[in-house]
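Please look through the structure shown here before reading on. The paragraphs after it explain some of its features one by one.

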Amino acid sequence: MGIKGAMFALVLPTVVLAALPVRAASAVATPAPSPAARALRTGHYEEARRLCRARLVRAPDDRTATVLCARAEASLGLYADARRRLEAAAEADPADLPVRDALMRLLDATGDRAALAPLLSASYDDWSSGRVDRTRPAALIAIATAVRLDDNWKDASDVLREAVLADRREVAANLDWGTVLLEKHNGADAETSFKAVLAVDPENPDAHFGLGRVALEDRYDAATARAEIARVLAVNAAHAGALALRAELALDAEDFAGARGDVAAIRRTNPRDPGAARIEATVALLLDDGAGFARARQIDLDVHPHDGRFFAFVAEALSRQRRYEDARAIAAEGVAADPEDAGCLSTLATTLLRLGEEAPGLDALRRAWKRDPYNLRTYNLLDLFEKVIPTRYVTIASAHLRFRIEPATRTAIEQIVVPFLEERYRAYVARYGFEPRGPVTFELYGDPRHFAVRTVGLPAIGVSGVCFGRVITSQAPTNHAFNWGMVLAHELAHVFAIELSHSRVPRWFTEGLSEVETMRTRPEWTRHDDVAVYGALRRGDLPPLAGLSNSFMDARSGDEATRAYAQAALAVDFLERHFGFAAIRSALVAYGRGERGVAVLERMAGQPAAEIEAAFRADLGKRFALYNKQYLPVQSLGATGQSLGGSALAAERSGTGARSAHEVVRRGVAALASGDLEGAKRALAAARAATHPSPDDQADTLFLAGEIALARRDAEAAIAAFEGLLDAAPASHDGYDVQVRLALAEIHRKRQAAAEAHLRRAVDFDPTRVEPHALLAELYGTEQRAADQLTELEAAFRLDPQNDSVAKQIVFNEARTGRPGRVLEFAPIAIFIDPADADLQAALGRALAATGKTAAAANAFERALVFHPADPASLHLTLATLYGLLGDRAQAAAHRAAAGR
């Protein structure tokens, strides 16, 4: 029996590793840290080492000083010095668990498993013999370290829970617990642990670092991660973990210079830091610098000779850059270097599965699970591939594509989805001038949780589809959850851009190109997010093309992510219009050759990057001309901002803070958006108190007053504010935003005619916005103006063709009113949301027949029949008539016979 068996009986993960709820710690004062501990916390590692060594000269048996000194030495890369110090202390007092804890962590970091094994065994013996003081958090933390390093994760979590309960003021236990939970992908409970630390020690840099990792690894919230990193570095500017996390964000944003800058910052303190080596190695591979990768790998392996975590990190970072083949090779190298590393095995498995190599991927996944049965992503993926997919999904193939589907959806997929995607595939082959390696696989999951697990290993995901090169994952088109044609055409276009560029295309370029492909496929699939891009342009927030990929990483909301897609689409559309698609294709090929950054654009366009950028912005200026004369406070005031506290507002009133009423109002709008009505009111009072406000400041102040009134459902006050804004300067302060808000206020007052007039004016100001059409449709519905309601629903649906129920309402209403032309326009759009609706297919068939398209009508009715219509006999009779007109007597007779059965 291994040493695990001496302590605990392991259980399978039916029990979730979970943190304790945050609660206030005891009011007992925490002892002030020593000068050495303060120096260590603030990143003054040389000073911490000096102070500890001086203390040890006076008190050689001071184990606290010994551990602090070793931690300072490890932070400086002096691993051998730290080890000698800790081994000497452990030999002098083998029962000192905090010393043993520090030594075990160091041996793990440097990969000396032979030296680590007896310490683990001694820890099990101490526990089983009752020699561990379970009232001392430090002793319990040491035991937790031992069992964790022995891959005994559940027991590590249980012991850390006990350590937290022993003394909630001792933050080290929650720091370790949060790290354990996050490593097992339990982000929510990890966050609870780190917040519990901050409840005791609000500036703790390690807890803020933990929250930054949670934000990034659990939900990829780059903005929150950056904010937490800033809090860490404000306390400890040399914090290697925070600098490496910031470098990781730079990697994802394709900011390789920024990543290298953080590597250099880490190495000024510790030239051998493993995090720096991982980042440097990833940058080198992304820039096709094999020699640079080898150097970085050697730096890491010189510290830890079989460091699977190094290879797992690099492989995962490569995957986020769409370099899936390279990621597989690196993960495989890691498994060869450290076959026992469960994390590296799991990374290899995930990479293989994303490449469609399921047999070796499952083998690696099973090996990872055997080593670590508490990794939630490993568990979820293994459950999906071993239990769910074999019983609920089948695979079918077409000429060039392969599909994983539920059997119940097969007819819809084969009849509707496959022909469309095969047509798009052939169109892309012709356009890009090559055929990708196949087969391209679409995995279309009926359960959204299955899609999420297949894609990220966890049961929730915030996107509709993902392309992994030759494997595309999505929800099933029959889920009615999204416009499947738009999503799958977009993802299929990625296959061509990724392969033609050998996976080196920048994020903004491939996303913009896929957006262009979809909007060229069907006009209603065009994005209508111009106003957000215009607002960023006016505020000076619009990133240059060379930095646009960063916008996808740093998006703090769905609106900001949408703006990034919109700008990318506008950029690629501009490049294609001005330089031709051949130039776009040549850029993809150049990326594939290893060319990078603005040099590719310059070669493509034959002009400097600055001229390309200026021409693009001039093009946007022409496109956005309709906005230039409008007052658009949602864009000028709705930028990032925080609610002002009372002291900040008081400072502004007294003249010691910001003097701009615009800035005060901007923060008030941010407060209102976050639900802080009182903060918004304080901002309004401060704006009203501003001296010598400009006409624009007055308009902003009135706008905030109107917004607050709407939030309070005070329609009279809202109208007074917005009409006061127009009365003060009607020529320069009218626009879409004001008209929509006046309409909302009039709706609250039940003055329908006035609301309608304002909404019509809003449409005139911006014909591309959905909201006024949707409000008009709702207004006409309450007034039972069916024809007008239908017209507005159609206008809204053309701009945003996503809603299943609206699509069917439009098609069936137009069919009932006898307008086949409108049915021909909207039925195909509706089918791109629900491909298996017999009534939609029949309505399309009737419209085609009414407009003389007999053969197409027969095809539509045949499709309607396979989707089990309520009245198949009538469809058979209609088909008999149609085939008679087409001269196909045999088919006509067959359908007449079928109608009589």
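What follows covers a pocket, the cysteines, the salt bridges and some details of the backbone. The model is predicted.

The pocket comes first. Rolling a probe the size of a water molecule over the atoms shows where empty space is left. The second largest pocket found in this way has a volume of about 480 Å³. Its lining is made up of 29 residues, and those nearest the centre of the pocket are Ala-253, Glu-254, Asp-255, Phe-256 and Pro-506. Four helices, α13 (240-252), α14 (256-269), α27 (549-554) and α30 (597-605), each contribute at least two residues to this lining. By type, the lining residues of the second largest pocket are 13 nonpolar, seven polar and nine charged.

Next come the cysteines. A disulfide is a covalent bond between the sulfur atoms of two cysteines. How many disulfides does the model contain? The count is zero. Cys-52 is one cysteine outside any disulfide: the nearest cysteine sulfur belongs to Cys-69 and is 4.9 Å away, whereas a disulfide would need the two sulfur atoms within 2.5 Å. Cys-52 has 2% relative accessibility and therefore counts as buried. Cys-467, at 8% relative accessibility, is buried as well.

The charged side chains are another matter. Side chains of opposite charge can pair when their charged atoms come close. The model has 87 salt bridges. One of them joins Asp-108 to Arg-309, with 3.4 Å between the closest N and O atoms. This pair links distant parts of the chain, since Asp-108 sits in helix α5 (residues 97-109) and Arg-309 in helix α17 (residues 308-320), 201 residues apart. Arg-309 is partly exposed, its relative accessible area being 36%.

A second salt bridge brings together the side chains of Arg-520 and Glu-576, at 3.1 Å from N to O. Arg-520 belongs to helix α25 (residues 507-521) and Glu-576 to helix α28 (residues 558-579), so this salt bridge ties together parts that are 56 residues apart in sequence. Is each partner buried or partly exposed? Arg-520 is partly exposed, at 40% relative accessible area, while Glu-576 is buried, at 12%. Both residues are also part of a network of salt bridges, whose other members are Arg-431, Glu-517, Asp-573, Arg-577 and Asp-619.

A third salt bridge is formed by Asp-834 and Lys-808, whose closest N and O atoms are 2.7 Å apart. Here, too, distant parts of the chain are linked: Asp-834 is in the loop between α43 (820-831) and α44 (838-850), and Lys-808 is in helix α42 (residues 804-816), 26 residues apart. Asp-834 counts as buried at 3% relative accessibility, and Lys-808 counts as buried at 15%.

The last topic is the backbone. Most residues other than glycine have a negative phi, and most peptide bonds are trans. Where does the model depart from this pattern? The peptide bond from Gly-438 to Pro-439 is cis, with omega near -5°. Pro-439 is found in the loop between α22 (410-432) and β3 (440-445).

Two residues other than glycine can be named for a positive phi: Asp-288, with phi near 60°, and His-502, with phi near 50°. Asp-288 lies in the loop between α15 (274-286) and α16 (290-303) and is partly exposed, with 37% relative accessible area. His-502 lies in the loop between α24 (484-500) and α25 and is partly exposed too, at 49%.

Conventions
Residues are numbered from 1 along each chain as its sequence is written. This is a predicted model: local features need pLDDT of at least 70, side-chain atom pairs count only at pLDDT 80 or more; totals for chains, interfaces and linings use all residues. Side-chain values use heavy atoms; hydrogens and water are left out. On a 1 Å grid over the protein atoms alone, a cavity is a set of points where a 1.4 Å probe fits but cannot get out, and a pocket is an open set with protein on both sides within 12 Å along at least five of seven lines; lining residues have an atom within 4 Å of a point. Grid points are joined across faces, edges and corners, and a volume is the space filled by probe spheres set on the points. Ala, Val, Leu, Ile, Met, Phe, Trp, Tyr, Cys and Pro count as nonpolar, Asp, Glu, Lys and Arg as charged, and the others, Gly among them, as polar. Buried means under 20% relative accessible area, exposed over 50%, partly exposed in between (1.4 Å probe, protein chains only). A salt bridge is a side-chain nitrogen of Lys or Arg within 4 Å of a carboxyl oxygen of Asp or Glu.
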